[in-house]
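I set out to look up how two chains meet and what lies inside them, and I kept these notes as I went.

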Amino acid sequence: MRTIEKIGLGLFLIGLTVFTVVPFFGTYTLTEELVLANTKDIHQEKMAEILAPMYGQEYGSNFSFLSAFGENFNTYNDNLKAQQLWDQVIWDDYGFSLAKAALSSPVRDNPWLWLGLSIGLAVLGGYLFNFRQYAEEPAGIKNNGIFHSKLKNKGWLGMITGGYLILFYILLYWFPAYLVNLVWMVEPISRMLSGGPASQWFLYGLVYTLAILVMGVRMFRKYRGNKYQQLRTASVMFFQTAFAFLIPEILVLLNQPYYDFKNIWPLDYDFFYDYQISTFLSGGGMGIFMLIWGILLIIVGVPVFTYFYGKRWYCSWVCGCGGLAETVGDPFRQLSDKSLKAWKYERWIIHSVLVLAVVMTAVTIANYFSGFSFLGNVTNQLHSFYGFAIGSAFAGVVGTGFYPFMGNRVWCRFGCPLAAYLGIVQRFKSRFRITTNGGQCISCGNCSTYCEMGIDVRAYAQRGQNIVRSSCVGCGVCSAVCPRGVLKLENGPEENRIADLPIIIGNDSIKLNA
Amino acid sequence: MPARHLVIIGNGISGITLARHVRKMDSDTRITVISGESDYFFSRTALMYVYMGHMKFEHTQPYESWFWEKNRIELKKAWVQKVEFGERTLVFDSGEKMTYDVLVIATGSKPNKFGWPGQDLEGVQGLYSKQDLELMEKNTHQQVKRAVIVGGGLIGIEMAEMLAYKKIPVTFLVREKGFWDNVLPKEESDLVGKHILEHHIDLRLETELKEILSDSNGRVRAVITSKGEEISCEFVGLTAGVSPNVDFLRNTELKVNRGVKVDAFFQTNIPYVFAIGDCAEFENPPAADRRTIEQVWYTGRKHGETLAHNLCKKPVPYQPGIWFNSAKFLDIEYQTYGTVPSTWKDSEVKSFYWEHSSGKVCFRMLMNSAGQILGINNFGFRLRHEFFDQAIREKWSGEKVIAKLDKANFDPEFFAPYFIEIQKAFKAQFGGNFQPAKKSFIQKLFGASV
């Protein structure tokens, strides 16, 4: 390892360590004023009463504060639940906002400093580690040592990385109150962008975007000399930074609805939720435009673009989940399961999620147009089930946390309902295919090994067949790693797109159909 | 009547292609494939990637293990010690026996050793089999301060790349004036030679191995070259070609020369015994541009396809189509279609050669005196097999080939359109009634430039 890489790695690890210990800093003191300021009008009085025993007490850690909060709050709610007074139960979770308000810590006092020491150092270190990679070597893709790596071949480093990611997602989705220090750290950036306070989602969005940018630099180095890889990496970096991160925040600053213009239902599963629809409808011209734009993407954008270019136009060029998978996840792409069995599971699971998303949305819309009389309660339960099981657990915890165990496209391959929709179009009505170059395949297996979607590319290539698969996201890595120039991503006529050649080109002994 | 028992010795590309195709056409034949080398078919050409950590050995196996049972292809792990042709019986090294009705010998090759002193020392080896790979991992596990590779062919350069992964300095002894120059024309050979040097591999042209020296433990400590130089090394790779792996068949009633002698139907001198792949030696070359022994992955596959047809349907003689091949020299990919020998007579053959200023991309097309395409070499970019198969078969004029070269391009999207430069260069040199292709708008905007 060169000096610059060692320095980079060192800085990254320092930053990561600071990021990891920062949540435990500071003390928490709750007052009535804070409770009143951070609860909804209808709950203010009640909450102020419930939490009264906590006022003025200084809690030394987030654990003690949140445990005291939980005790008081749950006692109240459990009582009501036991008496079946469901309408009096407070369903809102004020843990995060109250913890954030009650915190006093060096991080809150000096957010820029701590931001620099944690995320700043990690980003700088990551950049220094990446930006000169392979500088002394001629351009070309180097997969050297990947299966000898402790990180990239499910070794102990991979296990730790996966465990850390999983823990982070669990905290982020279900226990964000433990992360308020980190949220305070990014507060000034949020104020600058949207004018509003930071939430855990702002923290996540910032970290997510920076991760894509830093690891995007790694992609530029790793795939030097491969323009296709360079361009699609630049594309996901751009769409994440501009469309997913900056534009929605700036829209808020301009008093417009928060909206990611490239997020498409059913990946964007709450697009048709009633509160989302009313946001659009009350958002003036811009809101209406967003609603129409979103619907056009679903019914026109997806089929048309996928017909001409395959689902790659979205999955490996635009999508945020894809963006993370293709940058941060790239070192793990070889871990996807290529077996026929995995393919069978994949088709069952992903299409089930699609059906679930469609049914949920249909019920939601029916409910909306019937004035909330159609299965109102069921709709809410469906929403919370989907949000928990698919939106959080599958897409987040499994989708990213499992990178080091099952490869970088677990969510995209097994779970994403939009990928399923794009895939159906790609499989049955598209000009896209991966062309096999005649008889040049030597069955070496590089293509299959490095396919993040677990497609056994070689099975097709060695028979001279084109690869037409609904799951292919068109990342182009099979083509990039092929040592014999066998694979090419192409858009071409639908005729003969799927063909089975019993005898491979170059053998004149046997005349077929002669 | 019980179904015939087809026994194939060797589970490489030839043997396995044969087994698969026979099973496709005939569900009755009992098929057994014997190998002492590995449990399952694997891609021999991928062994280098296992060494370099690009893949695990399992990844080199093109079929999952259930495939064999599902297709009723029985696998037997054993080395065949001898064949009793009279009794149609195989004898394994365990002493166990197996009878056959039809026998196919597909035992592949073994690395050449030309009787160099010290060629059997510890730390000296070739690279062909799975066992060779395992041996190489063992041989290069401890401190190897320098390795010497003998023989400038495809396996030699692969071995150099493998050792470079372990940061082991390599001296590469090549007998010829240029790398692989019995196959590549001078310019191509030079291009690869330069790239080898760029990778800090110490390439020594026109240098042969004279002797390998031993230390007190019977391990290699140095080599002496034909120029009298002594090079200290702890590893020697012998990669001066391969020859048929048929020693266990010598001195039997089977006719064996360098390989097992076969006719155009892969028939040996003994009925119901056939040979395919690297180990077969044809009576006559199967085509004008072919040799009597074909030692390439692709030819092995075609032998398997053809013999399977012959065992199940009306036999046809083996007739290869337009030649093609490919390789990768470190970072530079190579493809060839048709006939491009290393030398030719200028009076009979016209050559068009274009090389990019980077010195890593080139294109050569040979034409006969009538200007019709004979074959091409391309380095550093990709060209389409079907295109050239058709062009060469239909004897297109060189001009027509070049005029349509954009259709032959097989590089990924946004790559530099080398074909435009090639078209311009051809037009400047040979003239021609065509317009070089234009960059598309998207290509101009985002694409790599030449």
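The entries below go from the contact between the chains to the core and then to one strand.

I noted that this is a predicted model, where local features need pLDDT of at least 70, side-chain atom pairs count only at pLDDT 80 or more, and totals for chains, interfaces and linings use all residues. Residues are numbered from 1 along each chain as its sequence is written, while chains are lettered from A and ligands numbered from 1 in the order in which they are written.

Entry on the interface. I looked up the contacts (C-beta atoms, placed from the backbone, within 7 Å) and found 48 residues of chain B in contact with 41 residues of chain A. On the chain B side, α7(B) gives the most, with 7 residues, where helices (H or I, at least four residues) and strands (E, at least two) are DSSP runs numbered from the N terminus.

Entry on the core. The largest nonpolar core, a set of buried Ala, Val, Leu, Ile, Met, Phe, Trp, Tyr and Cys residues joined through C-beta atoms within 7 Å, has 252 residues, and Cys478(A), Ile8(B), Val104(B) and Val236(B) touch the most other members. Helix α10 (residues 200–222) of chain A supplies the largest share of this core, 10 residues.

Entry on a strand. I counted a residue as buried if 20 or more other C-beta atoms lie within 10 Å of its own. 5 of the 5 residues of strand β4 (residues 432–436) of chain A are buried, so β4(A) is largely enclosed by the rest of the structure. Phe432(A), Ile434(A) and Thr436(A) point one way from β4(A), and Arg433(A) and Thr435(A) the other way.

How values were computed:
Contact = placed C-beta atoms within 7 Å. Buried ≥ 20, exposed ≤ 12 C-beta atoms within 10 Å, placed from the backbone.
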